[in-house]
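Hi everyone, thanks for coming. Please pull up the structure on your screens, and I'll walk you through a few places in it.

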Amino acid sequence: HDDWLTREALRWDLGIQVEGLRWFWHEMVLTPYQSPLPSLRQIFGGFSFADPAAVDRYLDVLGQVPGYVAALETRARAQLERGIVVPKQNLPAIQGLVRAALRPAADGPFAVAQGRLESLAQADRDRLAAGVATLVAERIDPALQRLAAFLEGEYAQASGDQVGAARFPDGDEYYRFAVRRSTTLEITPEEVHRIGHEMVAELDEAMATARAEVGFTGSREEFHRLLRTDPKYFPETHEEVGERLMAAADAMEAKVEGLFESRPAAPYGVERLDPALEGAQTYGYYDPPTPQEPRGIYYFNGSRLDQRSWIGLAAISLHELVPGHHFQIARQLENESLPEIRRNSMHGAYIEGWGSYASYLGEEAGIYEDAYSRYGMYVLEIFLASRLVVDTGMNALGWSLEQGRAYQLEHTLESETQIASESLRYSTDMPAQALAYQMGKRKLLELRRRAEEALGERFDVRAFHEAILAPGSLPLAVLERHVERFVQQERGE
C-alpha cells in the first residue's frame, strides 16, 4: 500500500508538472509571494562555517547571485513580450522587494553574523567579509540596480489597471489548470465559486449566533466596526502578538495527547517578520526546522498593530503551529520511513487544508473558551472562505479588483490595508493558490464524516488523525483512497 501511495502521488505530481510546462510564462516570479529574492536571506542564512573551506563555498554560491538576478530580469522581459505583466497596483510591492535587497554588505541579506564564525580563524573571517563586500559592490548590486531600473522603466510603462489571470493570452485556460493544481481536485472555478458562497453564508449564520451570545443587538457591520476600532481588541506591541500566539499553542498542547497518537520532536516558536517584508504580506509564514535553526518558526506581521485585531490570533496559532503546520510538516520531515520524495512533498491543499482543519480542532478541543474567542475562529474561517469567491471571481468570472475588495470588506474583519494586499495576492501574484485552504479543509472534514459514519462507535479520532498525518502530504484524491483503506482496516475487512 505504501508503494502504491508513492506511485500515485508521483503520478499526480509529475503529470501536473508536465502539464504546467505549457504555462511557464504565465507564472509570476517577481511578485511579493512568488519572488525568490526574500529567500536569499534563508539560503545564505543556512550556511554552516565549520571549516575554512566553507568560506570558499559561501563565496562561490554568492558569486552565482548576479546571474540569478539577471535570469529573473530575462524572464520578466520575455513575459513582457508575451503581454504578461504585473498590473500597476502591484508594481510598488515588486519594485520595493528589489530595492530592499540593495543594502550595504555589512547588514544586507548576505552578511554573516560573527556568532556563526566562531570556528574560523580571524584571517578567514576577514577573507569572508572582504569577499562579500566585493561581490555585493561590484556584481550583485549592479545586477539588482539593472532589474530595478527595468521594473521602474519600460516594464512599468506596459503595466495596466486590469487584474486577474483571464487578462493574459489563454488566461482562462491557465487559471483552470491553476485551480486543479492548487486543490489537487478535478474541479472548475465555477464550482469553487459556488462552494465559497455557500461557506460564507454558513459562517455568516454562525457568527450571528455568536454575536447574540455576547449580547450584541446591532448589525454585523456595527459589530465589525466595533472590533475594527475599539483599542481593547488590538495588541499594543509586537511582543504581545507573539505572546498571544504562544499562549494559544500552550493551551492546545494540553489537548494533543487526546487527539493524536504521535507528534514531531522539533520545538517551535514565533518571531516577528523582517519589517522590510511586512508591507507585502498580510499575516506571515511558517518556516520548518533546519539543521541551522532546529525550531519551526511562525514569522508574524508585527506592523500596523492598530489595524491587526488580536481576536483571531488563537486560530492563527493553531493553524500555523500546533496542531497545524508545525505539527504536520515537522513530523513529515522527521519521518525517515517515508521515501525521500514524499518526505519533501508539499501539496498546498493537503498542507493548508490541514492547517485550516487544525483551527477547527480548536473548537472541538475547547480552546476557544467563550463566544468572543470562537468568533475569532469564525473570523479566520470566513476570511479563508471568502478567498474561494474572490479568487475565482477576479481570475475567471470578470470581477474587478474593487469588486473583490468590496466583497471581503463586507464579509470579513480584515482592514482595508490587509484586503488591499490580499486581493493582489489572488489576482496578480498567485492565482488559485488561496483556494487550497478551505478546499483542503472541506475534503478532510468530508473524509472524517465518512469515517465516523462507517465506523460508528469504533471511530477513534486519534487513529483517524494518524491515518491522515502518517503518510505525509498527498494529493487529495490519493488521500481519499488511503482513508478508504483505513476504514476497511478498522472494520477488519
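Which residues line the largest cavity? Before I answer, please keep in mind that we are looking at a predicted model.

Okay, to the answer. Around the largest cavity you will find Thr6, Ala9, Leu10, Asp13, Ile341, Arg342, Ser345, His347 and Ser473. Two elements give two or more residues each to this lining, namely helix H1 (2-20) and helix H15 (340-343). H1 gives the most, with 4 residues. By class, the lining of the largest cavity has 3 nonpolar, 4 polar and 2 charged residues. As for volume, the largest cavity comes to about 40 Å³.

How many cavities of 30 Å³ or more turn up in a search of the whole structure? The search finds 2. The second largest cavity holds about 30 Å³ of space. Its lining is made up of Ala101, Arg103, Pro104, Ala105, Gly108, Pro109, Phe110, Ala111, Val136 and Asp141. In this lining, 7 residues are nonpolar, 1 is polar and 2 are charged.

Now let's turn to Thr184. You can find Thr184 in the loop between helix H8 (171-183) and helix H9 (189-213). Is Thr184 buried or exposed? Thr184 counts as buried, because its relative accessibility is 4% and the cut-off for buried is under 20%. What does Thr184 touch, once we leave aside its neighbours within four places in sequence? The contacts are Trp12, His347, Ala349, Pro475, Leu476 and Ala477. You may remember His347 from the lining of the largest cavity. With Leu476 there is also a polar detail: a polar atom of the Thr184 side chain lies 3.0 Å from the backbone nitrogen of Leu476. And if you'd like a distance across the model, the C-alpha atoms of Thr184 and Glu336 are separated by 25 Å, with the two residues 152 apart along the chain.

Next stop, the pockets. The second largest pocket has about 390 Å³ of space. There are 27 residues in its lining, and Tyr283, Gln307, Arg308, Ser309 and Gln418 lie nearest the centre. The elements that give two or more residues to this lining are helix H10 (220-229), helix H11 (238-259), S3, helix H13 (313-320), H17 and helix H19 (416-429). By class, the pocket lining divides into 15 nonpolar, 7 polar and 5 charged residues.

Let me follow two of those elements a bit further, starting with S3. Strand S3 (residues 296-300) runs antiparallel to S2, and 4 bridges join the two. One of the partners to look for is Tyr299 in S3, which is the bridge partner of Tyr285. Which residues of strand S2 (residues 284-287) are on the covered face, and which on the uncovered one? Gly284 and Tyr286 form the covered face, while Tyr285 and Asp287 form the uncovered one.

The other element is H17, and here I'd like you to click on Arg387. Arg387 sits in helix H17 (residues 371-396). Why does this arginine count as buried? Arg387 is buried because its relative accessible area is 3%, against a cut-off of under 20%. Its side chain makes a polar contact of 3.0 Å with the side chain of Glu422. Beyond the neighbours within four places in sequence, Arg387 is in contact with Thr392, Gln408, Glu422, Arg425, Tyr426, Ala434, Leu435 and Tyr437.

That's my tour, and I'm happy to take questions.

Terms used. Residues numbered from 1 in each chain as written. Predicted model: local features only at pLDDT ≥ 70, side-chain atom pairs only at ≥ 80, totals over all residues. Heavy atoms only, no water. Buried < 20%, exposed > 50% of the residue type's maximum accessible area, 1.4 Å probe, protein only. Polar contact = N/O pair within 3.5 Å; in protein donor to acceptor, adjacent residues only side chain to side chain. Contact = heavy atoms within 4.5 Å. 1 Å grid on protein atoms, 1.4 Å probe; cavity = no way out; pocket = protein on both sides within 12 Å on 5 of 7 lines; lining within 4 Å. Points joined across faces, edges and corners; volume = space filled by probe spheres on them. Nonpolar A, V, L, I, M, F, W, Y, C, P; charged D, E, K, R; others polar. Pairing = 2+ DSSP bridges.
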